[in-house]
Amino acid sequence: MRVLVADDERMLADSIAEGLRGEALAVDVAYDGDAALERLGVHDYDVVILDRDLPGVHGDDVCRTVVERGWLVRVLMLTAAGDVRSRVTGLSLGADDYLPKPFAFEELLARVHALGRRARPADPPMLERAGVRLDWAHRQVFRDGRYVPLARKEFGVLAELLRAQGGVVSAEHLLEKVWDEHVDPFTNTVRTTMMKLRKKLGGPQIIETVPGSGYRIP
């Protein structure tokens with residue numbers, strides 16, 4: 001899942017982003033409404049955590065733009081105002097969910113995951129293929145019953161390959177869904193991560209390279 005955190009409270013935004021990255025999510029950060037709209041127009045986000053009182057383009061206007069342009073991203077609106085009228089107004093603008101500040105990170109995380117499931121077809125609790133089993137709830141991977149410890153990016157790459165159900169997954173898609181905007185698109189980071197993933201999964205190799213197209217688990 002790829003998430004945009006848009007909040008002008010830099011310490012809060014960075015803290016949220018770091019916590020979500022710890023859950024194997026790809027996260028970008030914007031500190032004003034202009035930057036949020038710029039990123040939303042470029043990247044295919046699943047969820048945007050949107051502070052309502054953003055400087056520049058107001059959070060309300062960011063939400064309106066998301067709806068008007070038909071972007072499929074789900075909007076979780078944050079605000080310091082927690083009264084009923086404020087919640088109703090935020091939802092009427094097109095937000096999918098609403099969370100008043102202050103909040104517990106665990107609740108924020110649960111809401112992000114819930115919105116992510118609505119942004120695309122829900123994944124089953126387990127993804128399985130070619131003897132590999134990925135357990136979402138416990139962030140665990142097994143190959144032929146053997147536990148395989150994976151780093152966050154390796155877990156994310158494997159999840160995208162399993163989601164494809166035998167289809168080819170391009171390096172560009174992996175960069176979009178597993179990494180954030182700071183990754184260099186011309187780097188060999190996908191290839192390096194794929195090498196590490198293959199080594200940890202062990203033989204016989206199940207991840208195929210499709211020249212000029214990407215990777216797949218047939």
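**Entry 1: the annotated aspartate**

I began with the record: the unreviewed UniProt entry has the annotation "modified residue: 4-aspartylphosphate", and it covers Asp-51. I keep in mind that what I am looking at is a predicted model. I found Asp-51 in strand S3, which spans residues 47-51. Is Asp-51 buried or exposed? I looked up its relative accessible area, which is 3%, and that is under the 20% cut-off, so Asp-51 counts as buried.

Next I listed what Asp-51 touches, leaving out residues up to four places away in sequence. The list reads Ala-6, Asp-7, Asp-8, Gly-59, Leu-78, Thr-79 and Lys-101. Two of these names, Leu-78 and Lys-101, come back further down in my notes.

**Entry 2: the parallel sheet**

I then traced the sheet that holds S3. It is an open sheet of 5 strands in the order S2-S1-S3-S4-S5, and the pairing is parallel. At the edges I have strand S2 (26-30) and S5, each of them pairing on one side only. From one strand to the next the twist averages 20°.

How many bridges join S3 to S4? I get 5, with the two strands running parallel. Within that pairing, Val-48 stands opposite Val-75 in S4. I also noted the connection: S3, helix H3 (residues 59-68) and S4 make a right-handed β-α-β unit.

S4 itself covers residues 74-79, and 5 of its 6 residues are buried, so I put it down as mostly covered. Towards strand S5 (residues 97-100), S4 pairs in the parallel sense over 4 bridges. There I see Leu-78 opposite Leu-99 in S5. Leu-78 is also one of the residues that Asp-51 touches.

Helix H1 was my last stop on this sheet. It lies across S1, S2, S3 and S4, and it runs at about 175° to S2.

**Entry 3: Glu-9**

I looked at Glu-9, which sits in the loop between strand S1 (2-6) and helix H1 (10-21). At 42% relative accessibility, Glu-9 counts as partly exposed. I also took the distance to Asp-32, 23 residues away along the chain: the C-alpha atoms are separated by 9.6 Å.

**Entry 4: the cis prolines**

I checked omega next. As a reminder to myself, most peptide bonds are trans. Which residues does the cis bond with omega of about -5° join? They are Lys-101 and Pro-102. Pro-102 lies in the loop between S5 and helix H5 (105-119). Lys-101 I had already met as a contact of Asp-51.

I have another cis bond on my list, from Gly-203 to Pro-204, with omega near -10°. Where is Pro-204? I located it in the loop between helix H8 (189-201) and strand S10 (208-210).

**Entry 5: the antiparallel sheet**

I moved on to S6, S7, S8 and S9. These 4 strands form an open sheet in the order S6-S7-S8-S9, with antiparallel pairing. Why is one side of S6 and of S9 left without a neighbour in the sheet? Strand S6 (126-129) and strand S9 (146-147) stand at the edges and have a single partner strand each, so one side of each stays free of a neighbour in the sheet.

Strand S7 (residues 132-135) is joined to strand S8 (residues 140-143) by 4 bridges, and the two run antiparallel. Here I noted that Val-132 has Arg-143 in S8 as its bridge partner. Helix H6 (residues 152-163) packs on this sheet, where it touches S6, S7 and S8. The direction of H6 makes about 115° with that of S7.

**Entry 6: positive phi**

Most residues other than glycine have a negative phi, which is why I stopped at the next pair. Ala-130 has phi near 55°, a positive value, and lies in the loop between S6 and S7. Its relative accessibility is 39%, so I count Ala-130 as partly exposed.

Gln-165 also has a positive phi, near 55°. I placed it in the loop between H6 and helix H7 (171-178). Is Gln-165 buried or exposed? With 63% relative accessibility, Gln-165 counts as exposed.

**Entry 7: whole chain**

I closed with the totals. The protein chain has 8 helices and 11 strands, and 46% of its 218 residues count as buried. Of the contacts with a separation of 6 or more, 57% are between residues 24 or more positions apart. The accessible surface comes to about 10800 Å², and 52% of it belongs to carbon and sulfur atoms.

Key
Residues numbered from 1 in each chain as written. Predicted model: local features only at pLDDT ≥ 70, side-chain atom pairs only at ≥ 80, totals over all residues. Heavy atoms only, no water. Buried < 20%, exposed > 50% of the residue type's maximum accessible area, 1.4 Å probe, protein only. Pairing = 2+ DSSP bridges. Right-handed = clockwise from strand over helix to strand, strands pointing away. Contact = heavy atoms within 4.5 Å. Axes fitted to C-alpha atoms, helices over the stretch in contact; angles between N-to-C directions. UniProt positions renumbered as here; feature names shortened; annotations may be inferred. Areas by Shrake-Rupley, 256 points an atom, 1.4 Å probe, with all protein chains shown as cover.
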